[in-house]
Amino acid sequence: MTLEFDGRIPIYIQIMDKIKLDIVTGKLKGGEKLTSVREMAENFKVNPNTIQRVYQELEREGITYTQRGTGTFITEDKNIINSLKVEMSMNVIKTFIDGMTNLGFTSEEIIKAVNDYFKGGKANGNNI
Amino acid sequence: MEIIFKTENLTKSYMTKKALKGVSIELEKGKILGLLGPNGSGKTTLMKICAGLLRPTSGEIYIDGLVPGLNTKPVVSYLPDVNYLYRWMKIRDAIVFFDEFYDDFDVKKAKKLLEFMNLDENSKVTSLSKGMLEKLHLTLVLSRKAKLYILDEPLGGVDPVAREKIIDAILDNFNEDSSMIISTHLVRDIERLFDEVVFISQGEFILKGNAEELRIEKGKSIDELYREVFQDA
């Protein structure tokens with residue numbers, strides 16, 4: 001499970017994103033227990049204090065809850081999981097739009113390119 | 001928060017050369033500090049003072065509230081950057097040596113670590129490669145139950161695969177009751193272990209802080225920061 005970390009982004013945020021992704025894709029299910037701090041630190045090969053912070057932040061965002069004595073669990077609240085999904089999709093869209101804008105596409109051209117793509121054709125440079 | 005390690009305006013001079021020029025730092029219990037700097041920047045001098053092997057010229061230093069010396073020997077487990085085992089020893093002898101020397105040495109743990117490191121108890125110390133020797137030293141140092149582990153260049157001269165093993169061993173044996181100071185100039189492989197980092201250059205701390213905060217603030221990895229700061233060194 002070792003992640004290739006991007007050193008420029010805090011490690012705790014990258015691990016949070018990985019856990020969020022696992023929740024959205026259903027790898028981790030609502031109500032499921034997260035592994036202990038120690039175990040997760042060994043899995044990711046990071047300092048346990050970093051995982052401690054990951055757990056604190058996840059709980060602050062309402063994604064997990066702690067049951068005293070038994071551990072940390074993923075929320076069963078569908079709304080929170082859905083909004084996680086939306087939030088992550090926005091990130092994907094933003095990266096895509098930024099990339100297209102960099103290539104010189106206007107918003108209309110981007111929409112047309114996406115439509116063309118779904119119709120099975122390629123975004124044809126001659127038509128735009 | 002409990003402070004395990006603290007220096008204030010610490011200096012060390014060798015004859016005319018100033019190896020440490022008034023460094024101040026604090027480390028909380030349960031944290032790992034990365035001491036980062038090129039060769040000759042003062043890392044080893046600072047670590048030797050922590051281990052009670054050198055006396056500071058001026059300033060203050062406390063480990064668990066004590067001045068380093070005989071009192072702190074049981075508190076500190078120190079990995080020097082040189083081999084200090086006798087040439088006649090087999091790995092087995094080194095374990096006995098440590099067990100007799102330190103009350104807090106855990107033979108069971110040492111044997112487990114040897115296995116993890118793929119080291120054979122019957123090997124002679126002189127037959128070990130640089131990487132294997134480093135693994136053996138680390139095994140001995142981590143098998144003590146100390147409050148502060150001081151590791152001087154644990155990755156020096158070790159190939160990337162062995163580096164992974166060493167980092168794993170450090171992580172597995174770290175717990176919230178102990179603290180660590182790790183010096184290195186190979187930052188990339190090990191930066192994910194650090195809570196705090198301090199950059200040392202020519203006997204002075206030129207940058208220090210929480211590793212994650214530095215990543216946010218500078219938008220760079222600790223390794224990139226290191227290369228930027230020490231590009232001329």
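Here is a quick briefing on chain A and its contact with chain B.

This is a predicted model, so local features need pLDDT of at least 70, side-chain atom pairs count only at pLDDT 80 or more, and totals for chains, interfaces and linings use all residues. Residues are numbered from 1 along each chain as its sequence is written, while chains are lettered from A and ligands numbered from 1 in the order in which they are written.

**Fold of chain A**
- You get five helices and two strands in chain A, where helices (H or I, at least four residues) and strands (E, at least two) are DSSP runs numbered from the N terminus.
- Along the sequence, the order is α-α-α-β-β-α-α.

**Shape and packing of chain A**
- The radius of gyration, taken over C-alpha atoms, is 19 Å for chain A, against near 14 Å for a compact globule of 128 residues; the globule rule is 2.2 Å times the number of residues to the power 0.38.
- Along the principal axes, the C-alpha atoms of chain A fill a box of roughly 65 × 30 × 20 Å.
- Just 16% of the 128 residues in chain A are buried (20 or more other C-beta atoms within 10 Å of a residue's own, with C-beta atoms placed from the backbone).
- Of the contacts in chain A with a separation of 6 or more, 51% join residues 24 or more positions apart; a contact means C-beta atoms, placed from the backbone, within 7 Å.

**Where chain B meets chain A**
- On this interface, 14 residues of chain A are in contact with 23 residues of chain B.
- On chain B's side, α5 (160-172), α6 (211-218) and α7 (222-229) each give two or more residues, and α5(B) gives the most, with four.

Methods:
Buried ≥ 20, exposed ≤ 12 C-beta atoms within 10 Å, placed from the backbone. Contact = placed C-beta atoms within 7 Å.
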